[in-house]
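User: I have a structure open and I keep meeting words like "buried" and "cavity". Could you help me see what stands behind each of them?

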Amino acid sequence: MKKREVKSLADTAFDALIVGGGINGAGVARDAAMRGLKVLLVEKNDFASGTSSKSSKLVHGGIRYLEQGKIKLVYEALHERKTLMDIAPHLVKPLHFLIPFYNRARGTPAWKLRLGMTLYDVLSGRKNIASHELVPRDEALFYEASLLGGELKNAGGYYDAQMNDARMTLENILSAEEAGAACLNYVSVKSFVTENGKVCGAKLKDELSGDEIEVKAKKVVNAAGPWGEMLQRLTGAQTKKRLRHSKGVHLILPRVNNEKAFLLFAQSDGRVFFVLPWGDYSIVGTTDTDYKGDIDNITTTNEEVEYLLNAARDNLNHPYLSKEHIVSTYAGVRPLVYEPKQRSYDTSREHEIFEDDAGLLCIFGGKFTTYRVIAKQATDKLMKYFPDKRAECATAQKLLYGGNITPNLYRELSREFSATEVLTTHLVSHYGARAREILELIKQDAALGEKLCVNHNHIAAEVVYAATHEKSCTLSDFFSRRTFIRHSKCRGLDCIEKVKDILQKILSYDADTLAQQEEKYKIEVKADLSFG
Ligand code: FAD
């Protein structure tokens with residue numbers, strides 16, 4: 001294992017300590033570092049290992065929130081959609097949705113949905129991807145044969161965007177470091193140091209080496225997502241209930257749709273869910289139920305699988321919509337701001353930023369889509385403590401780490417490195433402009449250009465790059481978040497030996513550590529499929 005210098009941070013005084021390496025913490029780290037603060041971010045597990053890799057992977061306004069009257073939230077999210085497509089064009093891409101209008105409506109009636117799509121266009125204004133349209137029945141069936149032809153009247157067509165959530169989080173972390181922040185995964189806050197009742201530092205534990213250190217910080221940001229209240233309790237201050245944990249699961253199936261995404265309604269309760277294209281697979285989700293269990297150990301249940309499969313089968317006709325075809329699942333918990341609503345589904349996705357009695361700056365709630373705005377508002381609050389630093393937020397203007405892609409990049413890379421179009425397309429869609437750095441690795445060692453296995457396009461060089469440039473510390477980091485291999489057909493088990501070999505031979509990783517990591521990873525893979 002590569003030696004990390006966690007101990008060297010002991011007794012360092014930071015301007016801001018950010019706890020939590022999900023999208024909100026990563027967003028604040030980037031913004032605050034770009035504005036000149038001395039920032040340390042710590043994440044107890046891997047970056048994005050909490051909610052930020054378990055989302056539906058949509059950068060969207062959320063048509064359904066219009067029905068709840070959340071106009072401001074939708075407006076903000078639609079505008080952020082454009083900003084994120086601009087700063088991370090390799091990771092956030094337009095996605096065309098169809099809403100099938102069947103003879104028998106399953107949820108919201110067609111007239112309301114058409115009104116919603118019109119309002120969506122109006123709210124997007126000049127930031128719109130394209131206006132919505134009414135897709136004739138035959139055209140909808142031509143594109144998507146799994147729609148129920150016998151019942152289909154026509155379909156609504158509109159655009160939103162799709163992203164790679166784990167890699168978006170990582171790119172914010174890497175961009176934060178580029179701006180001067182220090183960001184460490186596998187470092188947890190165990191307790192806080194206080195002075196006159198106010199937090200002024202924290203005791204940290206390196207979960208990989210076991211080392212414990214203390215750091216000082218003028219301000220501490222609680223970006224611990226679903227763990228937010230637990231973190232608050234570490235200060236010893238009284239807290240009132242502010243979070244509602246709402247569980248959401250997704251199923252990964254072989255493709256049941258072609259290129260379009262579907263917005264559908266579950267027959268049983270009228271809830272919205274999606275069927276989304278994701279490489280060779282379809283993502284079906286999500287659920288939305290109150291969760292009282294262990295947030296460090298969330299798995300998909302049989303009931304949730306049945307609910308989603310039934311809902312999908314009631315809208316689509318495809319042989320893969322059955323339990324035996326499920327390739328994988330993932331489950332996460334939304335950290336929603338508490339409201340005494342009956343269903344978590346109806347609870348607002350708006351966020352709250354407040355300073356608690358111990359001086360902890362807490363970020364609760366929100367959507368992935370609006371993370372940059374949340375980070376800006378939190379950083380604005382932080383900056384009040386540093387009146388000598390006056391820099392304005394620039395995160396909407398500066399490209400994310402790999403975001404500098406031009407239309408010619410694919411051709412340039414293919415020519416410069418004699419790489420196939422398939423390889424350059426694969427690398428640019430994951431790493432953006434940094435694809436060049438991976439191709440450089442292959443130039444130095446041609447063996448690194450080899451595919452890891454026949455089930456996906458990932459290559460050996462990505463293993464090296466993840467470990468040396470992307471803070472991947474474990475096999476699970478690589479398979480679950482640097483790539484999505486864990487949720488593909490081979491689940492990483494076909495190429496795990498090859499990956500271990502690369503880490504051992506090229507990067508001199510310790511064999512025993514790798515064996516332990518392999519065991520842990522296999523337990524995770526099993527848990528993804530542990531529903532009845
Ligand atoms: P997290 O990502 O959970 O990050 C918090 C981090 O804090 C964790 O990684 C945790 O390990 C760390 N931590 C906790 N305690 C400590 C400690 N003591 N020391 C160090 N680290 C600690 N939003 C959208 O915009 N689009 C979508 O399509 C979408 N779909 C969703 C679908 C589902 C099923 C769910 C659950 C959410 C979805 N969301 C979506 C919402 C979005 O994913 C969340 O709002 C967002 O990921 C929350 O990020 P976060 O940083 O607040 O929390």
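The turns below take the words one at a time and set them beside the values.

Analyst: Happy to! This is a predicted model, in which local features need pLDDT of at least 70 and side-chain atom pairs count only at pLDDT 80 or more, while totals for chains, interfaces and linings use all residues. Residues are numbered from 1 along each chain as its sequence is written, and side-chain values use heavy atoms, with hydrogens and water left out.

User: Let's start with S124. Why is S124 called buried?

Analyst: Buried means under 20% relative accessible area, exposed means over 50%, and partly exposed is in between, using a 1.4 Å probe and protein chains only. S124 has 0% relative accessibility, so S124 counts as buried. You will find S124 in helix α4, residues 110-124; a helix here is a DSSP run of H or I with at least four residues, a strand is a run of E with at least two, and both are numbered from the N terminus.

User: What does S124 touch?

Analyst: Leaving out residues up to four places away in sequence, S124 touches L78, H79 and R81. A contact means heavy atoms within 4.5 Å. The side chain of S124 also reaches the backbone oxygen of Y120 at 2.7 Å.

User: What makes the pair of D269 and Y307 a polar contact?

Analyst: A polar contact is a pair of N or O atoms within 3.5 Å; within protein, one must be able to donate a hydrogen and the other to accept it, and residues adjacent in sequence count only if both atoms are side-chain atoms. The side chains of D269 and Y307 make such a contact at 3.0 Å. D269 touches R343 too. D269 sits in the loop between β12 (261-265) and β13 (272-278).

User: How do you know whether D269 is buried or partly exposed?

Analyst: The relative accessibility of D269 is 32%, so D269 counts as partly exposed.

User: What is noted about the phi angles of Y186 and R491?

Analyst: Y186 is not a glycine, yet its phi is positive, about 55°. R491, also a residue other than glycine, has a positive phi near 55°. Y186 lies in the loop between β7 (182-185) and β8 (187-195), and R491 is in the loop between α14 and α15.

User: Which of the accessibility words fits Y186, and which fits R491?

Analyst: Y186 has a relative accessible area of 9%, so Y186 is buried. R491 has 22%, so R491 is partly exposed.

User: How do you know that α13 is mostly covered?

Analyst: Of the 10 residues of α13, 8 are buried, among them E462, V463 and Y465. What covers those buried residues includes α11 (421-431), α12 (435-444), α14 and α15.

User: What makes something a cavity, and how many are there?

Analyst: On a 1 Å grid over the protein atoms alone, a cavity is a set of points where a 1.4 Å probe fits but cannot get out, whereas a pocket is an open set with protein on both sides within 12 Å along at least five of seven lines; lining residues have an atom within 4 Å of a point. Grid points are joined across faces, edges and corners, and a volume is the space filled by probe spheres set on the points. The count comes to 3 cavities of 30 Å³ or more, and the largest holds about 70 Å³. The lining of the largest cavity takes two or more residues from each of α13 (460-469), α14 (475-482) and α15 (496-505), and α13 gives the most, with 3 residues.

User: How does the lining of the largest cavity divide by class?

Analyst: Ala, Val, Leu, Ile, Met, Phe, Trp, Tyr, Cys and Pro count as nonpolar, Asp, Glu, Lys and Arg as charged, and the others, Gly among them, as polar. The lining of the largest cavity has 9 nonpolar, 3 polar and no charged residues. The second largest pocket has 10 nonpolar, 16 polar and 9 charged residues in its lining, and its volume is about 940 Å³.

User: Last one: how many residues surround the ligand?

Analyst: There are 37, and E43, T51, S52, L58 and T369 are the closest; a residue is near a molecule or strand if one of its heavy atoms lies within 4 Å of it. A polar backbone atom of T51 is 2.9 Å from an oxygen atom of the ligand.
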